[in-house]
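With the structure open in your viewer, please follow the stops below in order, making each selection before reading on.

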Amino acid sequence: AAAGQMQYVDIDTLIVIYTHYYKDSSTRMDLSAADIETLKAGVEKSKKFFWRSSKLKHHVRTDYLVIDRTLTLADMWQVWSGLYWLNYPPVQTDPRSAGVPDNKYSVVLVLYAFKNSTGAGAAYGGATYGVNTILGKAAYISCPLAWGLNCYDVVTHEYLHALDSIF
């Protein structure tokens, strides 16, 4: 490549998947191994979209971390009455406990088991907080699986917000 000409940039991304959610005896969600593979396929589809639409300039490089832990309302941030997002303090602690160092990733994308119910709903779709939010310098994306396992649309949309904050 000519001097000063960018070939492409790797965007190191940690995909965290929480497998269990529990609100009360009537509201719980558990992800199976097949569900996790479905989520990974959705993320891979988003990665291909970014690669193609950036004219081969933004390569999303991913590591996956599946956390077999039950999230509760105590892990959530109540955005409005009865509407929640996963707060990022547990997402700081759990990857660090698994050996993930700070400042390794530009983006931390969290997909988590969640079931909409009376008194506990996911706030809209997903949420993105810009760089320097989590695990050192990373942007944080929170995507509840309140509407099923098709995560492609919400991941793509929220990841674009993260790219805005990076670039």
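Begin by selecting Asn-103, whose place is in the loop between α2 and β6, and bear in mind throughout that this is a predicted model. The phi of Asn-103 is near 65°, a positive value in a residue other than glycine, and the residue is partly exposed, with a relative accessible area of 44%. A second residue to pick for its backbone is Asn-132, which lies in strand β8. Here too phi is near 65°, again positive in a residue other than glycine, while at 57% relative accessibility Asn-132 counts as exposed.

Return now to helix α2, residues 88–97, and colour its buried residues, which are Pro-90, Val-91, Gln-92, Asp-94 and Pro-95. If you then display what surrounds them, you will find that these buried residues pack against β1 (9–24), β3 (58–71), β5 (83–86), β6 (107–113), β8 (127–134) and β9 (138–145). Just after α2, select Gly-99, which takes a positive phi of about 95°.

From Pro-90 in the same helix you can step to Asp-75, since Pro-90 is listed among the residues that Asp-75 touches, together with Arg-69, Thr-70, Leu-86 and Asn-87, when residues up to four places away in sequence are not counted. Asp-75 lies in the loop between β3 and β4 (76–80), and at 14% relative accessibility it counts as buried. For a sense of scale, draw a distance between the C-alpha atoms of Asp-75 and His-161, which are 86 residues apart along the chain and separated by 23 Å.

Next, go to strand β1 and select Asp-10, which is found there. Asp-10 is partly exposed, with a relative accessible area of 28%, and it touches His-59 and Arg-61, leaving aside residues up to four places away in sequence. The C-alpha atoms of Asp-10 and His-59 are separated by 4.8 Å, although the two residues are 49 apart along the chain.

The next stop is a pair of helices. Show α1 (residues 33–53) and α3 (residues 152–166), whose axes come within 9 Å and cross at roughly 50°; the two helices are therefore oblique to each other, and their crossing is right-handed. To see the contact itself, display the side chains of Gly-42, Lys-45, Ser-46, Phe-49 and Phe-50 in α1, which meet Tyr-152, Val-155, Thr-156, Tyr-159, Leu-160 and Leu-163 in α3. Coloured by chemical class, the residues of this contact divide into 7 nonpolar, 3 polar and 1 charged.

Finish with the cysteines, where the question to settle is how many disulfides the structure holds. The count is 0, and Cys-143 is in no disulfide, the nearest cysteine sulfur being that of Cys-151, 7.5 Å away. A disulfide is a covalent bond between the sulfur atoms of two cysteines. Seen from the other side, the sulfur of Cys-151 has its closest cysteine sulfur in Cys-143, and the 7.5 Å between them is too far for a bond, because a disulfide calls for cysteine sulfur atoms within 2.5 Å. Cys-143 is buried, with a relative accessible area of 0%, and Cys-151 is likewise buried, at 2%.

Methods
Residues are numbered from 1 along each chain as its sequence is written. This is a predicted model: local features need pLDDT of at least 70, side-chain atom pairs count only at pLDDT 80 or more; totals for chains, interfaces and linings use all residues. Side-chain values use heavy atoms; hydrogens and water are left out. Axes are lines fitted to C-alpha atoms, for helices over the stretch in contact, and angles run from 0 to 180 degrees between N-to-C directions. Helices (H or I, at least four residues) and strands (E, at least two) are DSSP runs, numbered from the N terminus. Angles under 35 degrees count as roughly parallel, over 145 as roughly antiparallel, 65 to 115 as roughly perpendicular and the rest as oblique. A crossing is left-handed if the near helix is turned anticlockwise from the far one by less than a right angle, and right-handed if clockwise. Contact means heavy atoms within 4.5 Å. Ala, Val, Leu, Ile, Met, Phe, Trp, Tyr, Cys and Pro count as nonpolar, Asp, Glu, Lys and Arg as charged, and the others, Gly among them, as polar. Buried means under 20% relative accessible area, exposed over 50%, partly exposed in between (1.4 Å probe, protein chains only).
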